[in-house]
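Hi,

Here is the structure I promised to pass on. Have a look at it first, and then read my notes underneath.

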Amino acid sequence: MKTILVDIGNANNLQAFLNAVANLDFIKSVKLAKSDEPEDERLSVDEPETAYNWTNPSRPASEEEIELLIDKMENSSGGFSTEDVRLQMKQWAAQKSK
């Protein structure tokens, strides 16, 4: 079983969302949970920030990692040119208008 947190910006839509989700066959239960924790603490990763745990998303990148990323991005020859993107967008628009 997996639990998810959903942030609904408009409180008026909350009951409609709960009703819609509850009608799905694979949903085991739907309930509104109240928490005493501030929102930023609920959404954080519960792993310590260490230099050796590079997979921890709450660990800030080191200056060296940022510099390596910038170098890779600047020296990258991959991707699409502006003209390639424009051509693909024109082709996509032509298909959508049919």
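**What I found**

E74 is exposed, its relative accessible area being 60%. This residue sits in helix 3, which covers residues 63-75. E74 also belongs to a negative surface patch, together with E63, E67 and D71.

Before going further, please keep in mind that this is a predicted model. The average pLDDT over the chain is 76, and 73% of the residues score at least 70. Confidence varies between the elements: helix 4 (residues 82-96) has the highest mean pLDDT, at 89, while helix 2 (residues 39-42) has the lowest, at 52. Where pLDDT is low, the predicted coordinates should not be read in detail.

As for the overall fold, you will find four helices and zero strands, so to speak plainly, the pattern along the sequence is α-α-α-α. The chain has 98 residues, and 5% of them count as buried. About 9600 Å² of the chain is exposed, with carbon and sulfur atoms supplying 54% of that area.

Helix 4 is where I spent most of my time. Which residue forms a salt bridge with R86? The partner is E83, and the closest N and O atoms of the pair are 3.0 Å apart. The structure holds one salt bridge, which makes this pair easy to pick out. Both R86 and E83 lie in helix 4, and they are three residues apart, about one turn of the helix. Are these two side chains buried or exposed? R86 is partly exposed, with a relative accessible area of 48%. E83, at 53% relative accessibility, counts as exposed.

There is also a nonpolar patch on the surface, and you may want to display it alongside the charged one. Which residues form this nonpolar patch? They are F80, V85, M89 and W92, and together they have about 450 Å² of accessible area. One of them, M89, lies in helix 4. M89 is partly exposed, its relative accessible area being 47%.

To sum up the surface: E63, E67, D71 and E74 make up the negative patch, F80, V85, M89 and W92 make up the nonpolar one, and the salt bridge joins R86 and E83.

Cheers

Methods: Residues numbered from 1 in each chain as written. Predicted model: local features only at pLDDT ≥ 70, side-chain atom pairs only at ≥ 80, totals over all residues. Heavy atoms only, no water. Helix = DSSP H or I, 4+ residues; strand = E, 2+ residues; numbered from the N terminus. Buried < 20%, exposed > 50% of the residue type's maximum accessible area, 1.4 Å probe, protein only. Areas by Shrake-Rupley, 256 points an atom, 1.4 Å probe, with all protein chains shown as cover. pLDDT = per-residue confidence, 0-100. Salt bridge = Lys/Arg side-chain N within 4 Å of Asp/Glu carboxyl O. Patch = residues over 30% accessible without salt bridge, like charges linked within 9 Å, V, L, I, M, F, W, Y side chains within 5 Å. Lys, Arg positive; Asp, Glu negative; His and termini not counted. Charge placed at Lys NZ, Arg CZ, Asp CG, Glu CD.
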